[in-house]
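Dear colleague,

I am passing on the structure below, together with some notes on what turned up when I went through it. Please read the notes with the coordinates open beside you.

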Amino acid sequence: MKIQDKLRKERYLQKLAFARSAGSDFAFETKEQRKAAIEECKKDPRKMVARYFPHYADADCADFQIEWAWKVQKNPNFKGFCQWGRALAKSVWNDIFIPFWLWLRGEPIYLVIIGNSQDRAEQLLEDLRAEFECNPRILADFGEQKQLGTWEEGFFITQGGFIAQALGMGQNVRGLRIKNKRPTHIVGDDLEDKDLIKNPKRQKQVADWIDRDLIPTMDGIYKRFIQANNRFAPIMIQTMLQEAHPKWFVHQVNAFNPVTFEPTWKEKYPPNYFYDLVHGDEGIGSLAANAEYNNSPHVEGVIFKDEQFQWCDLPRIDHFEIIVGHWDVAYAGNPTSDYNAVSVAGLKGRNFYLIDAYCKQSKMREAVQWMCDYQSGLPASVQILWQYESQFWNDELQRVLEEVQKETSINLRIIKKDLPRTKKYDRILKLQPYYQNSRIYYNQKVKAKNDIQVGLAQLKSIEPGYKSHDDFPDALECAISELEVYVGAQGKTFSYKQGKMKGVNRW
């Protein structure tokens, strides 16, 4: 315990030093100038940050941060979710800037910060306590704020009447008050970790605790509740609360555009920052990046599971009986559009092999360029049967095909393919018996490729009522369905359904 106490003391001393680093550039203002400046800060969160927290503001405030502050301020009974990706300063804004700004505007503040443990909540609250204790700019404008007897870990009351308390989630909060004052502003900050998201029962208990115990501790004009967390998992405490309270406001902001990698907070991050984070030499890959930074969690399969995916070294490329490349066409190429997906699959014996794939929210041209480049890298003796669904044909698609093939001097000989008039979900499910019977293999050499991982994430998200992208699963199913008819010999082909072999005449 002594070592722990020493570490806590050192940690807090560092935070005091950080608060002092705000400096006192306006120490020589007249009373009139100071009063006018404070009034400007009340009206403008940007000016408030610049005046009192320049040591935090290593970049100009983003528009979405200001929008959020005003959204919270305008409703004294606000309930909502700050669902920002990592690197967007959601803790700083919700734990420090907004509570301070509301106090600056004259609101009575009794702040409660909820952490996933008592110790974590206290760490979060220390940042604001240090500012009130040592920030020269706050002290110059409002005088000494530290009040003996009410200044400790996890709890403080300033001379200016700002009350703050730290609590771990799930603690008993009945009767939570200071004399006749009850909480006015509650922030749950990063409540979930990797262990908690594996325990839906515990998640439900915490969601119920927030709903039935925590929020009812507020009683009066001001009853704000904010949960600040990026959505890094499919099921979280916040998704349970959002489902239970569809009218609560969800302010979702992603850190970057997943197609162009353009930062959302342009004032802070250079144009290539997130591209390097994803694709650099030590990049984390798109699945992890989209989960942590873009509120797009990686999905664990319900029907198509990780353990069903077999990785292997491929047969020689010219030893496949036939290779099919199916293109699932998308036109828009923006963050909300479908993916252009191309599955290149080969048949060897009775097994199917995913050789390579393209899966991006891109324009058609990039997909065609990839197919041409891929074809050009093959031995002259190897030809891929390229195809796309006939319903996607239009003049623009034809123009793009002709232009790119001319530019690359590659003739794909791509054909239009009529697909069965069945639901896409039913067609994709036809793949499952092949996975169960260990008939589908993946090229080990492309396992780490971003397109492959994104495609597999789409496949694993297929389940009844799914609302996720299904472009790669569709392209894979179409490619393997085409390969099916070439299984067999002597003029007969075979289709393996539910583990049984059916003979059909091809000609």
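**A buried phenylalanine and its surroundings**

Phe225 is buried, its relative accessible area being 1%, and since this is a predicted model, that value, like the others below, is computed from predicted coordinates. The residue belongs to strand 7. If neighbours within four places in sequence are set aside, Phe225 is in contact with Phe78, Lys79, Gly80, Ile186, Ile210, Leu214, Ile215, Met218 and Trp248. Its C-alpha atom is 8.0 Å from that of Gly188, although 37 residues separate Phe225 and Gly188 along the chain.

**Helix 9**

Strand 7 (224–228) also appears among the elements that cover the buried residues of helix 9, and that cover includes strand 1 (79–84), helix 8 (200–214) and strand 8 (249–253) as well. Helix 9 runs over residues 237–244, and because six of its eight residues are buried, the helix is largely enclosed by the rest of the structure. The buried residues in question are Ile237, Gln238, Thr239, Met240, Leu241 and Gln242.

**The second largest pocket**

The second largest pocket holds about 300 Å³ of space. It is lined by 21 residues, of which Leu88, Ala89, Val92, Trp265 and Lys268 are the closest to its centre. Helix 5 (residues 90–104) supplies the largest share of this lining, with five residues. By residue type, the lining of the second largest pocket divides into 13 nonpolar, three polar and five charged residues.

**Salt bridges**

Side chains of opposite charge can pair when their charged atoms come close. In this model the count comes to 32 salt bridges, and three of the pairs are described here.

How far apart along the chain are Asp127 and Lys15, which lie in helix 6 and helix 1? They are 112 residues apart, so to speak in distant parts of the chain, with Asp127 in helix 6 (residues 118–134) and Lys15 in helix 1 (residues 2–20). Their side chains meet in a salt bridge with an N to O distance of 3.2 Å. Asp127 counts as partly exposed, at 21% relative accessibility, whereas Lys15, with a relative accessible area of 16%, is buried; the two values fall on either side of the 20% cut-off under which a residue is called buried.

Helix 6 takes part in a further pair, in which the side chains of Lys146 and Glu133 form a salt bridge at 3.5 Å, N to O. Because Lys146 lies in the loop between helix 7 (136–142) and strand 3 (151–152) while Glu133 is in helix 6, this salt bridge ties together parts that are 13 residues apart in sequence. Here Lys146 is partly exposed, at 31% relative accessibility, and Glu133 is buried, with a relative accessible area of 13%.

The third pair is Glu403 and Arg365, whose closest N and O atoms are 2.5 Å apart. Glu403 is placed in helix 13 (residues 395–408) and Arg365 in helix 12 (residues 364–376), so the pair ties together parts that are 38 residues apart in sequence. Both partners count as partly exposed, Glu403 at 28% relative accessibility and Arg365 with a relative accessible area of 30%.

Beyond these pairs, Lys424, Arg427, Lys430, Asp470, Asp474 and Glu477 are joined into one network by salt bridges that share partners.

With best regards

Methods:
Residues numbered from 1 in each chain as written. Predicted model: local features only at pLDDT ≥ 70, side-chain atom pairs only at ≥ 80, totals over all residues. Heavy atoms only, no water. 1 Å grid on protein atoms, 1.4 Å probe; cavity = no way out; pocket = protein on both sides within 12 Å on 5 of 7 lines; lining within 4 Å. Points joined across faces, edges and corners; volume = space filled by probe spheres on them. Helix = DSSP H or I, 4+ residues; strand = E, 2+ residues; numbered from the N terminus. Nonpolar A, V, L, I, M, F, W, Y, C, P; charged D, E, K, R; others polar. Salt bridge = Lys/Arg side-chain N within 4 Å of Asp/Glu carboxyl O. Buried < 20%, exposed > 50% of the residue type's maximum accessible area, 1.4 Å probe, protein only. Contact = heavy atoms within 4.5 Å.
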